[in-house]
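Here's a quick tour of the model on screen. Have the sequence and the coordinates open as you read.

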Amino acid sequence: MSAALLSSTLGADVNVAQNVAFYIIAAVMVWGAIRVVTTNNVVHGALWLVVVLGGIAAQYILAAAEFVAVSQVLVYIGAVMVLFLFGIMLTRATIGSDTDLNNKGWGIGIPVAAAMLGVLGYVVLDYVGDDVLVDQDEARIAITTQSISDGYLGDYLVPFIALSFVLLAAAIGAIVLARKD
Amino acid sequence: MSTLAFEIPYWGQSLLRVLGGIVAVLLPAGTIVYVFLFKMMSFMQSRLGPMEAGPYGSMQLLAEVGKWMQKEDLIPENADAKIYKIAPVIVLLSTFLLVVVVPFGPDAWFTNFQAGVFYALAIGSVSVIGILVAGWSSANKYSLLGGLRAAGQLIAYELPMVLAVVGVVIQAGSMNLQQIVVAQNTFEIFGWNGLGMPFVVTQFVGFLIFMIAVQAELTQAPFDMPIAESELVSGYMTEYSGFRFLIFFIGEFATAGVFAFIASVLFLGGWGIPFSWFGWETVDDVDDWMNIAGPGIMFAKMMLLVGIIMWVRFSYPRFREDQLQRFAWKVLIPISLLNIAVTAILKVAF
């Protein structure tokens with residue numbers, strides 16, 4: 001009842017539950033992102049990054065983009081982060097805090113980060129404007145898994161194949177570098 | 001839910017789904033441990049197994065759980081305590097997330113995810129993180145080696161598993177698990193629809209690869225290098241005791257049950273019976289009693305598949321680490337790629 005009341009005061013098109021969940025997940029993600037760079041342990045940093053990437057997947061689900069959310073989990077959490085952790089643990093993964101983790105030139109990062117925030121913020125605001133999140137049932141009809149596959153095997157076939165050549169080149173390069181004998 | 005005489009409110013549906021999920025994870029896990037780990041293994045080794053607690057030892061499981069709950073929750077002095085505590089929970093959580101997409105009847109599903117197969121395969125890879133950090137945070141060389149072995153093995157066998165499923169997806173024309181079930185029960189074999197078309201018939205190679213990959217993902221013998229007791233004490237679980245060990249233990253067998261559920265949906269026709277038997281055309285025609293019978297059918301198929309997994313586990317000795325990697329990359333992946341190509345060609349041809 002209170003949700004309906006709230007949505008009528010905010011405007012009929014706003015989905016309240018979705019917005020509340022968005023801000024909760026966003027807060028967790030921001031906190032996770034801060035911890036990634038401030039923590040004194042490499043493995044902890046990697047695990048906070050998992051939290052951030054999982055949050056992105058949750059946001060995609062809120063926006064009714066199931067396929068993208070699952071891709072996010074499979075690629076970033078299932079593959080990239082496992083590889084990260086695997087690499088860290090094979091080389092240096094001390095338990096407890098490392099003192100020399102901070103890069104000396106971290107001050108330079110601040111203006112770069114601010115500039116990125118400005119650009120991304122401008123792009124998002126410019127693209128979205130006054131639109132609100134579409135109703136979930138409506139979105140499910142609009143974007144199906146089938147339409148995604150139709151897209152990249154139809155209109156976007158050439159960029160798709162070009163991308164797979166980049167990946168193939170990377171794979172061959174990795175094998176050449178790894179086989180020194 | 002709309003077919004019911006009364007409407008269940010949203011919170012009621014959510015509560016029912018959570019309870020259903022807990023039952024769908026824990027009931028198979030308990031049954032698997034009692035029937036296969038206690039009784040079948042004992043039978044294969046010419047002994048009786050637990051007989052004291054309850055008739056034929058059927059209460060042994062409760063006794064074991066009580067025992068583990070009482071034990072002290074030890075944390076090594078040098079361990080990273082926070083992560084050490086979280087790690088088993090990540091593993092069990094991935095199992096609960098996995099069961100969410102499995103359909104148990106025409107209306108008896110938790111969520112009708114569009115890209116259900118894709119979701120199942122993606123969530124299946126999350127448990128690797130739990131196992132890796134469990135090994136690392138224990139501050140024990142055996143644990144770390146076990147965790148690294150587990151990660152290497154799970155990454156290697158994730159690929160053939162995904163590729164084996166692609167054949168099924170091509171044939172069914174959908175990634176939705178519910179539609180894969182419907183496809184298997186409505187397709188015809190050369191015009192004869194007496195049995196539907198369970199994909200184990202047409203995708204037998206894919207089924208074999210999938211079951212081998214499941215065996216490796218569950219780290220059951222002959223793929224149990226991550227917890228090889230003669231080399232690594234018990235791998236990433238070495239330092240765990242008390243209820244945290246119990247969580248790993250439940251997670252292992254619950255995941256076996258859930259993967260068997262997914263395999264029976266993909267290859268054995270899932271909850272369905274051939275629709276032509278009762279004159280149903282689509283999933284909307286299916287009678288309501290299938291919502292009761294469906295979970296039973298799924299449970300029977302799950303027990304059959306886990307029985308095969310456990311049979312192999314108790315019968316074969318352990319691979320060597322390099323043999324395991326070679327088997328995945330040089331045998332399973334090429335065969336599954338070939339399987340996809342052949343399936344695609346036949347799909348276009350027919």
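Which element of chain A has the lowest mean pLDDT, and which the highest?

## Confidence in chain A

Helix α1 (residues 2-10) of chain A sits at the bottom with a mean pLDDT of 48, while helix α8 (residues 157-178) of chain A tops the elements of that chain at 89. Here pLDDT is the predictor's confidence in each residue, from 0 to 100, and helices are DSSP runs of H or I, at least four residues long (strands are E runs of at least two), numbered from the N terminus. Residues 5-9 of chain A fall below 50, and that stretch has four contacts in the model beyond near neighbours in sequence. A contact means two C-beta atoms, placed from the backbone, within 7 Å. Where pLDDT is low, the predicted coordinates should not be read in detail. Chain A as a whole averages 80, with 82% of the residues at 70 or above.

Some housekeeping: this is a predicted model, so local features need pLDDT of at least 70 and side-chain atom pairs count only at pLDDT 80 or more, while totals for chains, interfaces and linings use all residues. Residues are numbered from 1 along each chain as its sequence is written, with chains lettered from A and ligands numbered from 1 in the order in which they are written.

## Chain B overall

Chain B has 13 helices and zero strands. Its radius of gyration, taken over C-alpha atoms, is 21 Å, which agrees with the value near 20 Å for a compact globule of 350 residues (the rule is 2.2 Å times the number of residues to the power 0.38). The C-alpha trace of chain B spans about 65 × 50 × 45 Å along its principal axes.

Buried residues make up 47% of chain B; buried means 20 or more other C-beta atoms within 10 Å, exposed 12 or fewer, and partly exposed in between. Q13(B), in helix α1 (residues 10-44) of chain B, counts as exposed because it has 12 such neighbours.

## The nonpolar core

The largest nonpolar core (buried Ala, Val, Leu, Ile, Met, Phe, Trp, Tyr and Cys joined through C-beta atoms within 7 Å) holds 123 residues, and F210(B) and A263(B) are among those touching the most other members. Helix α11 (residues 242-267) of chain B gives this core its largest share, 16 residues. Leaving out residues up to four places away in sequence, F210(B) touches M161(B), A164(B), V165(B) and A263(B).

## Where the chains meet

The contact draws 23 residues from chain B and 20 from chain A. On the chain B side, α4 (116-124), α5 (127-137) and α6 (141-172) each supply at least two residues.
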